[in-house]
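Visitor: I have a protein structure to look at and do not know how to read it. Where should I begin?

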Amino acid sequence: MSSANNLPAEQDHGDGELAVKGDNPFADPGLPPHEHRRTDIDEKAANRAERQVAFLFLISMLATIGFIVSYYAIPKSQIVYIFLLGRVSALNFSLGLTLGVALFCIGAGAVQWARTLMSDVETPQERHPIEADKETREFVFEEFKAGAKDSAFGRRKLIRTTMFGALALVPLAGVVLLRDLGPLPGKKLMETNWAAGKRIINHNTGEPLKPSDIQVGSLTFAYPEGLSEEDEQFQEKIAKDALMLIRMRPEDIKDKTELDWSYEGIVAYSKICTHVGCPISLYEQQTHHVLCPCHQSTFDLSDGAKVIFGPAGHPLPQLKIHVGDDGFLAASQGFQEPVGPSYWERP
Ligand code: FES
């Protein structure tokens, strides 16, 4: 390591001319003399700079607290007029502004600290040899320790404390945002409108289904009696209640429970994919496979709707059905397991 102040004697001619050392064609040009900053020589200026840095970190802390308060205090529906932006969501604007200020102040505080208080002595690095010898490594280690000491990290307690405060608080903004991943499903996926005795309604005609309406090889979509497309919440309810019925020859059904829960080869399964909840819509007559169009999960309806391909983690839930006294197909009970995507509460 060398600088203008400690060039090897054979390189520095004292007249601005630098000699080439040995067979090295690239002489060390050296560095201009180091100029002290005001904060290096004036303790009052250094203390002022320290307060500026601490102030920036403090602003960052306040902005992070402002972010969290905004998240809880400002209604999602509130709109404000902002110059140049027009009408914007007050919540989004406040979250963006406070988080931006928090991050900016941490960066600005660090830059100001480096510019005014950390050591700014230039330290050139030799180009050859690339691998440092033991002495150099020890020298670098000592320099590093000296640099750490120069940065006054240990001495400038105010900066250190406020910086740690700012760095510790700013991740809280991310933690708060995790709430936006949505509420946990709880038991809601266990609750559908299917129950014992509810007739099965053809989604296309809106009429109750009889066994004779379903031919071998056909796929029929259905929903429970009592649901109406006029209902404002129809889409929300059908998202869990959607059912598909397939008829196959009873001897093709491999799973014993599936056979018991079917009626003369008619099986009823949730139409909602157990991967992330897309509606299943493709049926292959010959194999009795149904395919989810979203990520190609494939279920074998002749074998308990087991997953035979794709990312889904569970078979489709089956609905036990029978034919009521009126001759229409009906549910014998509700679903016995949650419909839709897999989640950690699923047994
Ligand atoms: S939602 Fe069906 S495979 Fe992904």
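Guide: Begin with the whole chain: of its 347 residues, 36% count as buried. Keep in mind that this is a predicted model.

Visitor: How many helices and strands does the protein chain have?

Guide: The protein chain has seven helices and 13 strands. Among its contacts with a separation of 6 or more, 59% are between residues 24 or more positions apart.

Visitor: How do I read a sheet?

Guide: Strands of a sheet pair through backbone hydrogen bonds, either parallel or antiparallel. Here, one open sheet has four strands in the order β7-β8-β9-β10, with antiparallel pairing. Each of β7 (282-284) and β10 (306-309) has a single partner strand, so these two stand at the edges and one side of each lacks a neighbour in the sheet. On average, neighbouring strands of this sheet are turned by 30 degrees against each other, direction ignored.

Visitor: How many bridges join β7 to β8?

Guide: Three bridges join β7 to β8 (residues 289-291). In this pair, Leu282 stands opposite Leu291 of β8.

Visitor: Now a single residue. Is Arg247 buried or exposed?

Guide: Buried means under 20% relative accessible area. Arg247 counts as buried because its relative accessibility is 14%. Arg247 lies in strand β5 (residues 243-247).

Visitor: Which backbone oxygens does the side chain of Arg247 reach?

Guide: The side chain of Arg247 reaches the backbone oxygen of Ile214 at 3.0 Å and that of Glu264 at 3.4 Å. Leaving aside residues up to four places away in sequence, Arg247 also touches others, including Pro211, Val216 and Ile266.

Technical notes:
Residues numbered from 1 in each chain as written. Predicted model: local features only at pLDDT ≥ 70, side-chain atom pairs only at ≥ 80, totals over all residues. Heavy atoms only, no water. Buried < 20%, exposed > 50% of the residue type's maximum accessible area, 1.4 Å probe, protein only. Contact = heavy atoms within 4.5 Å. Polar contact = N/O pair within 3.5 Å; in protein donor to acceptor, adjacent residues only side chain to side chain. Pairing = 2+ DSSP bridges. Axes fitted to C-alpha atoms, helices over the stretch in contact; angles between N-to-C directions.
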